[in-house]
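Visitor: Please take me on a close look at one part of this fold, with the sheet as the starting point and the helix packed on its edge as the goal. I would like the cut-offs as you go.

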Amino acid sequence: MPAYFIAEIELTNPAEYESYRAAVPATIARYGGRYLTRGGAAQLIEGGPEPKRVVILEFADAAAVKRWYGSPEYQKILPLRLANSTSRAFIVEGVG
């Protein structure tokens with residue numbers, strides 16, 4: 001069953017964040033993931049607060065998301081995201 005890595009990100013240092021943004025796609029592809037959205041326009045239709053930058057990645061299953069997230073390739077660049085943004089991220093399992 002597919003699984004999704006979902007992150008809501010608020011950039012605190014956009015210039016430095018660019019290094020992360022440039023490096024991350026190759027790590028996602030290497031572990032079989034693909035972007036469904038990468039910071040496109042988001043419109044709040046219920047509740048609050050307003051959404052920040054939203055990224056949704058699709059992988060084959062939750063184990064694949066965890067392999068990517070824990071991979072040496074991603075762990076090497078993750079500090080760039082953490083140092084230059086505030087975020088929350090989670091895995092959501094899809095329907096089979």
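Guide: Happy to. Strand 2 and strand 3 (residues 53-59) pair in the antiparallel sense over 4 bridges; two strands pair if DSSP finds at least two bridges between them. Within this pairing, Arg-38 sits opposite Val-55 of strand 3. Helices (H or I, at least four residues) and strands (E, at least two) are DSSP runs counted from the N terminus.

A word on the source: this is a predicted model, in which local features need pLDDT of at least 70 and side-chain atom pairs count only at pLDDT 80 or more, while totals for chains, interfaces and linings use all residues. Residues are numbered from 1 along each chain as its sequence is written, and side-chain values use heavy atoms, with hydrogens and water left out.

Now the whole sheet. It is open, with 4 strands in the order 2-3-1-4 and antiparallel pairing. Strand 2 (34-38) and strand 4 are the edge strands, each pairing on one side only. On average, neighbouring strands are turned by 15° against each other, direction ignored; axes are lines fitted to C-alpha atoms, for helices over the stretch in contact, and angles run from 0 to 180 degrees between N-to-C directions.

Two helices lie across these strands. Helix 2 crosses strand 1, strand 3 and strand 4, at about 45° to strand 1. Helix 3 lies across strand 1 and strand 4, and runs at about 120° to strand 4.

Let's stay with helix 3 (residues 72-84). This helix bends by about 30° at Leu-78, with a proline, Pro-79, following within four residues; the bend at a residue is the angle between axes fitted to the seven residues ending there and the seven starting there. Its buried residues are Tyr-74, Ile-77, Leu-78, Arg-81 and Asn-84, where buried means under 20% relative accessible area, exposed over 50%, and partly exposed in between (1.4 Å probe, protein chains only). Their cover includes strand 1 (3-11), helix 1 (14-30), helix 2 (62-70) and strand 4 (85-93).

Asn-84 of helix 3 counts as buried at 7% relative accessibility. Leaving out residues up to four places away in sequence, Asn-84 touches Leu-11, Thr-12, Asn-13, Glu-16 and Tyr-17; contact means heavy atoms within 4.5 Å.

Ser-85 belongs to strand 4 and is buried as well, with a relative accessible area of 7%. A polar atom of the Ser-85 side chain lies 2.6 Å from the backbone oxygen of Arg-81. Beyond its neighbours within four places in sequence, the contacts of Ser-85 are Ile-9, Glu-10, Leu-11, Thr-12 and Tyr-17.

Further along strand 4 is Val-92, partly exposed with a relative accessible area of 33%. With neighbours within four places set aside, Val-92 is in contact with Ala-3, Tyr-4 and Ile-6. The C-alpha atoms of Val-92 and Ile-6 are 7.4 Å apart, although 86 residues separate them along the chain.

Finally, back to Tyr-74, which is among the buried residues of helix 3. Tyr-74 forms one aromatic cluster with Phe-5, Tyr-17, Tyr-20, Phe-59, Trp-68 and Tyr-69. Rings of Phe, Tyr and Trp (its six-membered ring) pair if their centres lie within 6.5 Å; planes under 30 degrees apart count as stacked, over 60 as edge-to-face and the rest as tilted. The whole structure holds 8 aromatic pairs. In one of them, the ring centres of Tyr-17 and Tyr-20 are 5.3 Å apart and the planes meet at 50°, so the pair is tilted. Tyr-17 itself counts as buried at 2% relative accessibility.

Methods: Polar contact = N/O pair within 3.5 Å; in protein donor to acceptor, adjacent residues only side chain to side chain.
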